[in-house]
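Trainee: I would like to work through this model with you, one question at a time, starting from what is packed around what. Could you give me your reasoning at each step?

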Amino acid sequence: MTASSQSSQNTSRLKRRESFIELNGRERAIVLLDSGSWRELLGPFDRIESPWLLPQNITPQSDDGCIILKGTIDGQPAVVISMEPTFQGGSIGEVSGAKICAALDLACRDNENGGKTVALLLLETGGVRLTEANLGLAAVAEIISSLLALRRHTPVVCITAGTVGCFGGMSLVAALASYLIMTAEGRLGLNGPEVIEQEAGVEEIDSKDRALISAIVGGEQRYLTGLADVLLHDDVGEIRRSVLTCLRAGLPRTHRTSEIDLFRRRIAMLNPEHQWNPQDLRESWRRVASDESK
Ligand code: COA
């Protein structure tokens with residue numbers, strides 16, 4: 001094949017990609033469900049808004065930035081919970097947190113009654129909404145408890161695709177999912193870069209340095225260090241197929257969060273006096289994993 005025909009094939013493959021990241025939170029949920037199968041629960045017309053934002057001169061949103069769709073995926077009943085990244089950085093407040101818990105609890109009850117509802121979490125979020133501090137923190141604890149109850153019955157698949165990423169308490173939620181799907185554009189971390197810079201100074205991390213942040217908490221690094229299960233292109237078709245693969249695989253034999261010995265040994269080898277770079281970390285952690293399998 002000539003270089004020019006190879007390059008035109010690559011170009012047409014690229015053109016055929018349909019960006020997932022460019023969709024808003026509601027559209028992302030819709031494209032993952034079977035066409036025409038879904039209905040929205042507690043949508044914008046129910047007008048259940050956060051009461052805490054207007055007093056702080058912030059315009060609330062009538063779905064509180066949290067979209068819940070019930071429908072089917074390849075014929076299987078599913079609930080999709082999707083955060084809208086453009087509203088308050090996808091952060092979790094009292095109302096959005098309660099919506100997520102209720103959706104997970106309903107799915108859990110369905111499974112307890114012999115149903116087979118699966119759950120997808122589309123997390124693009126700055127974590128606890130800083131303007132709803134304690135209520136947001138409580139919401140994260142409740143979400144974790146609901147997720148742990150549900151994942152005993154059915155896989156919970158989390159997708160962190162977009163450039164806001166998944167931070168704060170919600171990174172714990174992503175880590176607890178049965179499967180975590182990321183794109184290279186996605187980011188996952190406990191303390192957001194903005195917060196680290198604010199607390200420890202720009203010499204610790206420059207939150208504007210996207211390349212540095214991606215190297216540390218980006219999807220590729222998270223996948224190669226075993227903290228995410230799947231790394232995909234930003235493409236609706238790829239993401240949908242990957243979700244189906246995860247759902248068909250059923251519950252993982254061991255959830256990552258039960259691999260306590262492995263992660264304890266990985267943390268033990270992290271000498272804080274050594275200046276780690278992302279590449280060193282990948283290799284060292286991989287060695288710890290392979291030592292274990294011997
Ligand atoms: N609570 C409230 N608002 C939040 C938020 C949070 N947890 N996280 C992000 N936002 C808001 C930002 O204030 C900003 O609002 P503005 O547009 O009115 O200025 C908007 O979301 C977009 O955030 P920005 O920082 O401009 O986008 P970014 O893509 O550069 O970075 C984050 C996104 C999430 C990485 C960054 O905002 C961050 O580090 N947030 C803190 C994450 C964290 O540590 N949370 C801990 C809480 S548990």
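Trainee: Which elements are included in what covers the buried residues of α5?

Mentor: Bear in mind first that this is a predicted model. Helix α5 spans residues 169-176, and its buried residues are Gly169, Met170, Ser171, Val173 and Ala174. What covers these buried residues includes one helix and several strands, namely α4, β4, β5 (156-160), β6 (166-167), β7 (179-183) and β8 (188-189).

Trainee: Gly127 has caught my eye; is Gly127 buried or exposed?

Mentor: Gly127 is found in a loop, the one between β4 and α4 (133-150). A residue counts as buried if 20 or more other C-beta atoms lie within 10 Å of its own. Gly127 has 27 C-beta neighbours inside 10 Å, and therefore it counts as buried.

Trainee: With which residues is Gly127 in contact, leaving aside its neighbours within four places in sequence?

Mentor: Two of the partners, Gly169 and Met170, are also among the buried residues of helix α5, which links this loop to the helix we began with. Once the neighbours within four places are left aside, the contacts of Gly127 are Ser91, Ile92, Phe167, Gly168, Gly169 and Met170.

Trainee: In what order do the strands of the sheet lie?

Mentor: The sheet is open and is formed by 7 strands with mixed pairing. Its edge strands, each pairing on one side only, are β1 (39-41) and β9 (230-232), and the twist from one strand to the next averages 25°. Read across the sheet, the order is β1-β2-β3-β4-β5-β7-β9.

Trainee: How many bridges join β2 to β3?

Mentor: β2 is mostly covered, with 6 of its 8 residues buried, and 3 bridges join β1 to β2 in an antiparallel arrangement, where Leu41 stands opposite Ile68. β2 and β3 also run antiparallel, with Lys70 standing opposite Val79. Their hairpin has 2 residues between the strands, and Asp74 takes a positive phi near 50° there. The number of bridges that join β2 to β3 is 8.

Trainee: Moving along to the next pair, which residue in β4 is the bridge partner of Val80?

Mentor: Strand β3 (residues 76-83) and strand β4 (residues 118-122) run parallel and are joined by 5 bridges. Within this pair Ile81 stands opposite Leu121, while the bridge partner of Val80 is Leu120.

Trainee: How many residues of β4 are buried?

Mentor: In a regular strand the side chains alternate between the two faces of the sheet. In β4, Val118, Leu120 and Leu122 are buried on one side, and Ala119 and Leu121 are buried on the other, so that both faces are covered. The strand is therefore largely enclosed by the rest of the structure, and its count of buried residues is 5 of 5.

Trainee: At about what angle does helix α2 run to β3?

Mentor: Helix α2 (residues 25-32) lies across three strands, which are β2 (66-73), β3 and β4. Its direction is compared with that of β3, and the angle is about 160°.

Trainee: Within what arc do the buried residues of α9 fall?

Mentor: Helix α9 (residues 236-249) has 14 residues and reaches 20 Å from its first C-alpha to its last, close to the 20 Å expected. Its buried residues are Ile239, Val243, Cys246 and Leu247, whereas the face turned away from them carries the exposed residues Arg241 and Arg248. Seen down the helix axis, the buried residues line one face of α9, because they fall within an arc of 95°.

Trainee: What is the radius of gyration of the chain?

Mentor: The chain has 11 helices and 9 strands. For its 294 residues the globule rule gives 19 Å, and the chain comes close to that value, so it is as compact as a globular protein of that length. Of these residues 39% count as buried, and the C-alpha trace spans about 50 × 50 × 40 Å along its principal axes. The radius of gyration is 20 Å.

Terms used: Residues are numbered from 1 along each chain as its sequence is written. This is a predicted model: local features need pLDDT of at least 70, side-chain atom pairs count only at pLDDT 80 or more; totals for chains, interfaces and linings use all residues. Two strands pair if DSSP finds at least two bridges between them. Helices (H or I, at least four residues) and strands (E, at least two) are DSSP runs, numbered from the N terminus. Axes are lines fitted to C-alpha atoms, for helices over the stretch in contact, and angles run from 0 to 180 degrees between N-to-C directions. Two residues are in contact if their C-beta atoms, placed from the backbone, lie within 7 Å. The expected span of a helix is 1.5 Å times one less than its number of residues. A residue is buried if 20 or more other C-beta atoms lie within 10 Å of its own, exposed if 12 or fewer, and partly exposed in between; C-beta atoms are placed from the backbone. The arc is that of the directions from the helix axis to the C-beta atoms. The radius of gyration is taken over C-alpha atoms; the globule rule is 2.2 Å times the number of residues to the power 0.38.
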